[in-house]
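The following exercises concern a structure shown below. Please work through each task before reading its solution.

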2 protein chains.
Amino acid sequence: MAPMTTFKGDEFDHQVFESVLKRRFFFTEAFEIYRQSPNFKGDNRGLFDYGPPGCALQTNIVDVWRKHFVLEENMLELDCTVITPERVFETSGHVDKFSDWMCKDPIKGQYLRADHLVENVLKARLARGTRGLTKDSPTLDQATIDEYNDILAKIDNYNGDDLGELIKRHDIRNPENDNQVLPPIPFNLMFKSTVGPSAAAPVYLRPETAQGQFLNFKKLLDYNQGSMPFASASIGKTYRNEISPRTGLLRVREFLLAEIEHYVDPEKKEHPRFCEVSELVLPLLDRETQLSGKKTPRHYTLEEAVRSRIIDNQTLGYFLGRIMFFLLKLGVNQTKVRFRQHLANEMAHYATDCWDAELLTSYGWIECVGCADRSAYDLTVHSQYTGIPLIVKKTLSNPIRVEEWQATLNKKLAGPRFRENVQAIQSAIEALDQITLERMATELSQKGAVSVNLSSLSDAGTTTVELPKELLSISKITRLRSIREYTPNVIEPSFGIGRILYCLLEQVYWHRSNDVARVVLSLPLAVSPTKVMVAPLYSSDRQQQDQARRLAARLRGLGIVVTVDASSASIGRRYARADELGTPLAVTVDSDSLREDGDGWSSVTLRERDSTAQVRAPADDIIAAVAALAAGSETWEKVVARVGIYDGREEEVKEK
Amino acid sequence: MAPMTTFKGDEFDHQVFESVLKRRFFFTEAFEIYRQSPNFKGDNRGLFDYGPPGCALQTNIVDVWRKHFVLEENMLELDCTVITPERVFETSGHVDKFSDWMCKDPIKGQYLRADHLVENVLKARLARGTRGLTKDSPTLDQATIDEYNDILAKIDNYNGDDLGELIKRHDIRNPENDNQVLPPIPFNLMFKSTVGPSAAAPVYLRPETAQGQFLNFKKLLDYNQGSMPFASASIGKTYRNEISPRTGLLRVREFLLAEIEHYVDPEKKEHPRFCEVSELVLPLLDRETQLSGKKTPRHYTLEEAVRSRIIDNQTLGYFLGRIMFFLLKLGVNQTKVRFRQHLANEMAHYATDCWDAELLTSYGWIECVGCADRSAYDLTVHSQYTGIPLIVKKTLSNPIRVEEWQATLNKKLAGPRFRENVQAIQSAIEALDQITLERMATELSQKGAVSVNLSSLSDAGTTTVELPKELLSISKITRLRSIREYTPNVIEPSFGIGRILYCLLEQVYWHRSNDVARVVLSLPLAVSPTKVMVAPLYSSDRQQQDQARRLAARLRGLGIVVTVDASSASIGRRYARADELGTPLAVTVDSDSLREDGDGWSSVTLRERDSTAQVRAPADDIIAAVAALAAGSETWEKVVARVGIYDGREEEVKEK
């Protein structure tokens, strides 16, 4: 394909861009005909349908993803349910913590997302140069401008209290009506429902695919014949009940997520294939650089970045490299990708570190892939609640001598005293970790008794039992250990397919010779919705039309996705339509194609989208060339060199 | 592949079969580790996760479906949201009518699905030969036996009142405790939630993908450049809040549906490609045969079935044929498929006719594909509510003269009287159909006034206005019509992917020489989760292991899904594992593979799953043979004929 001409910052016109995507039915607002009806009171914001080209583009991106990650690395793909019992998300922390902060406008009854409110109001003030809504408001002095900019740079780092204070201090109000707003309150982002007729079983729609994968860890490890490290993967719809979604496909309430959970020994975070990516140079915007107020990423090879601990370990580095290669396969512009590390307060509650792959668009840098280190958090909490160990047992080639605290319950005495609860107490004691045991040993010797918490064994709140030293002994013993048990750490690359799709479309969008009416989407053949448009030069000619359909059938037989455009529009308008749909190749059948013997037709033209160059050859050769281009075994340049450029204009003029 | 040996009816052991599928992680109960925890109170019934082989099998079935239907027939694939505003399902009739009947056991507080209750109790009575739970209960006489059998044959045909009467008449009680149950009440099967923070926007999870497609009809027709007929298609998760799901993967609350909506001119239901399927013979169990109490389908060619109107039209017949070809591609047993027509009361509220493709399993005949004629129902109701026409305009080559009723509002007089409502009245009048207009013309002339219903224009109930003849005139006019407008009829083939997957697995399951431990899943290569297992004969041999991995990498490079099994189990046990996973081919590297020059290795063995036959040839030839088998360009028989059978046992014995 020819090199891509991209828009220059200020040239980008959202309205034109989105109108092309909607006209060509890449996507549409869901329930649009209801939204248009004057009686409809529902909320369809943040919900979009993909039309035929958008749907095919999405399928192709998923297909590339599956080959690049799942098949290439033998990941164990799962398909888990979206509907999830409340208890699972209580354990994972999502019920408590998976929230955004929102402020109510008490007069209008409207809810505003708190960080967006601060961001929008401060940006508007900076743009106006004044503190208030009217022109008479006090002008901003330099100190205030600096303060606003500093707040905006760190906007993702504030919690609810911080935001409340900022709103108060800077008198931030609802920009629509200048109403004061109430202090921020958390709004949980999960959609809730109930399962079955009794309504006693609350469920949520999952906000990520990860939990389903974690709950299956034991089975996955078995399936992998106990071997570590390995990864599971899932592609599926996920749901976040955004407070007030805007910005089109970038902030939606229902979206496709492709996630990998890579399970690794916390003491051994090397990756055997790191050498395949170590020389790749990535633009990294680390935490320190951001907190110093800078916005320019620094370029490192992955080798350097891991060695200097900018990236924590090889496995994390390996995946950042693989993510970059994946994005390039899709047709993302290499100069419009950066990797940004999350700030401390910005991270999800389960993450200890996180890097985002961000793509540059007219909305700025957009987070499209997250690569988080979730440590042992999820496996640990699910294991604690269910009592089912989610661990790896590793046989040590040299058994090691270990000193450890051991607690022993005197069952003879405990049995009669605690009756049916004795098993729960025994389990609680077995679940205690070494640090707790050491503390309890001291307490037991000092006070003669300790209390043991049975919280994880009951849904009805915490129960505590007091155990005197007659019932419980804690002592240090020495054991020879031939098996090491550990909870794996999880490195999670997580791909927002819809965001990638939108950002990709912006990056491959351009127009010929500054003519906004001549739009092209330079999608690479691997992901383009249709690979070839086949057209009769004159659709009214029945013979040309039939030949075009026969040719299309032959291409389809080779597994190539093809459409026939036999509409009455001129060939130029049909090429323009194919350009807007991102179709990389076009085959045209004309009257000369019919004049020869054999099957009744021979030479046809093949046009390449980006260059608009054409070649002409016998149909069999063109079909072979298309197959080679589709398989990636030949480039367009090679086809041209072999067949020679053909000036199609002559043909068109002649037939007119 | 060798012909399949299948189980014979009574030999089939559910427990063995499901334990194989669970052990090999085709699927598992969702949230199983929570279910195992004594504290978990949630309901995870009817929710299943697919493990790696189940997930890959599902992906492959979807892939075959997309190629067979969407790409082969240029259908317009959409991806619409699952979350849908309540108003849409009020219009479509699902809020009122998409329910099952359930009976409450008032003592136990348990809900029972009414038809299943009747079915289970009557079947149990027939099996016991008595009317009650104990042995002393009265014995069933022949008349009662006949009556029960008649009820069971028509069980899908009863509505709530019918079921209530049956329960009363036959004293049907909760079989678990003999409690009497309350009369049946409807339970809506859609999951409900709300969107956004205000809770004022109720939504449902879609129970079918169809509505999203219908709402986009106008855009789809535009995208198809106005040309008819055409089809849209969608593959996606759908949700039904089953009252009490059982029977494993067959009745679940979250499932993958692949649906086609084929839009056709109601006056022209021929299909241009009908000739491609017309000679296919299908086993048809039509409505009449069922109501006569018979259960044996009759065999017809599609040509005969359409000609004799057993199947209503060519388009319906065409799709039944295409469905059959699709099922055969997946590996379904041709003798275990039948097509059953729905009984009148059994059909969904939107359908005027429906045929199910049913697959025979140990649970009996299971509905896996529905092929419904939804007529113009859905497009009409959405158009009525939104006021947006969902119609096709067809230019007539010969304009026709039509007589029609026309209603005219006297705006001069109506304006001052109805003010801002005059537009709503005008719209209501324009929406009236010819039959209503004719009725109103009579009424107007007899009574001097008519009332017009504004129901579709307001969410707040019905408003009626009285229009006297001074304000409204209705008369018959003659027009020359050059454009015909019509609402298309919709033929809907709808595929339950999970049910097809489960039934397929049952049909390809067998065991060698009556040894239940030697299970084989004879999945065809096109859908098998893994195409090739590559194994070193002795995994402890580092060289053999490395060679196996190199060979696997070469196959993977050709796009073939391959796994390496280098576990320490004997080669026989690894073959057995591959058989249970349905892997059709295995390549084994042994010490002889290492002895030769070149790359350092040469001949390897290739084993075919069903016959266990092996061939041996240089690695390059085996790779080429595997590629040809995977592409479907060569059969196993041809490979054997070319290379010759190899007796692998010798090798194994020698190396031991």
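**Exercises on the predicted model**

The secondary structure of chain A consists of 23 helices and 29 strands, where helices (H or I, at least four residues) and strands (E, at least two) are DSSP runs numbered from the N terminus. The model is predicted, so local features need pLDDT of at least 70 and side-chain atom pairs count only at pLDDT 80 or more, whereas totals for chains, interfaces and linings use all residues. Residues are numbered from 1 along each chain as its sequence is written, chains are lettered from A and ligands numbered from 1 in the order in which they are written, and side-chain values use heavy atoms, with hydrogens and water left out.

**Exercise 1. Describe the confidence and the overall dimensions of chain A.**

Step 1. The model has an ipTM of 0.87 and a pTM of 0.88. For chain A, the average pLDDT (the predictor's confidence in each residue, from 0 to 100) is 89, and 94% of the residues score at least 70.

Step 2. Residues 1–10 of chain A stay under a pLDDT of 50; the model has 26 contacts for them beyond four places in sequence, a contact being heavy atoms within 4.5 Å. For residues 650–656 of chain A, pLDDT also stays under 50, and the model has 17 such contacts.

Step 3. Along the principal axes, the C-alpha atoms of chain A fill a box of roughly 105 × 75 × 55 Å. Of the 656 residues in chain A, 56% are buried (buried means under 20% relative accessible area, exposed over 50%, partly exposed in between, with a 1.4 Å probe and protein chains only).

**Exercise 2. Determine the strand order of the open sheet in chain A and examine one of its pairs.**

Step 1. The 9 strands follow the order 3-10-11-21-16-15-14-12-13, with mixed pairing; two strands pair if DSSP finds at least two bridges between them. Strand 3 (76–78) and strand 13 (298–301) are the edge strands of chain A, each pairing on one side only. From one strand to the next, the twist averages 30°.

Step 2. Strand 11 (residues 254–264) and strand 21 (residues 489–496) of chain A pair in the antiparallel sense over 6 bridges. A:Ala258 has A:Phe495 in strand 21 as its bridge partner.

**Exercise 3. Analyse the hairpin of strands 5 and 6 of chain A.**

Step 1. Strand 5 (residues 99–105) and strand 6 (residues 110–113) of chain A run antiparallel and are joined by 4 bridges. A:Asp105 is bridged to A:Gln110 in strand 6.

Step 2. The hairpin has 4 residues between the strands, and A:Gly109 takes a positive phi near 70°.

**Exercise 4. Compare the expected and modelled spans of helix 13 of chain B, then inspect its ends.**

Step 1. The expected span is 1.5 Å times one less than the number of residues. Helix 13 (residues 314–330) of chain B has 17 residues and should therefore span 24 Å; its end C-alpha atoms lie 25 Å apart, which agrees.

Step 2. B:Asn313 caps the N-terminal end, with a side-chain oxygen 3.1 Å from the backbone nitrogen of B:Thr315. Just after helix 13 of chain B, B:Gly331 has a positive phi of about 110°.

Step 3. Of the 17 residues of helix 13 of chain B, 13 are buried.

**Exercise 5. Is B:Ser633 buried or exposed?**

Step 1. B:Ser633 is in the loop between helix 21 (619–631) and helix 22 (636–643) of chain B.

Step 2. With a relative accessible area of 58%, B:Ser633 is exposed.

Notes
A polar contact is a pair of N or O atoms within 3.5 Å; within protein, one must be able to donate a hydrogen and the other to accept it, and residues adjacent in sequence count only if both atoms are side-chain atoms. Axes are lines fitted to C-alpha atoms, for helices over the stretch in contact, and angles run from 0 to 180 degrees between N-to-C directions.
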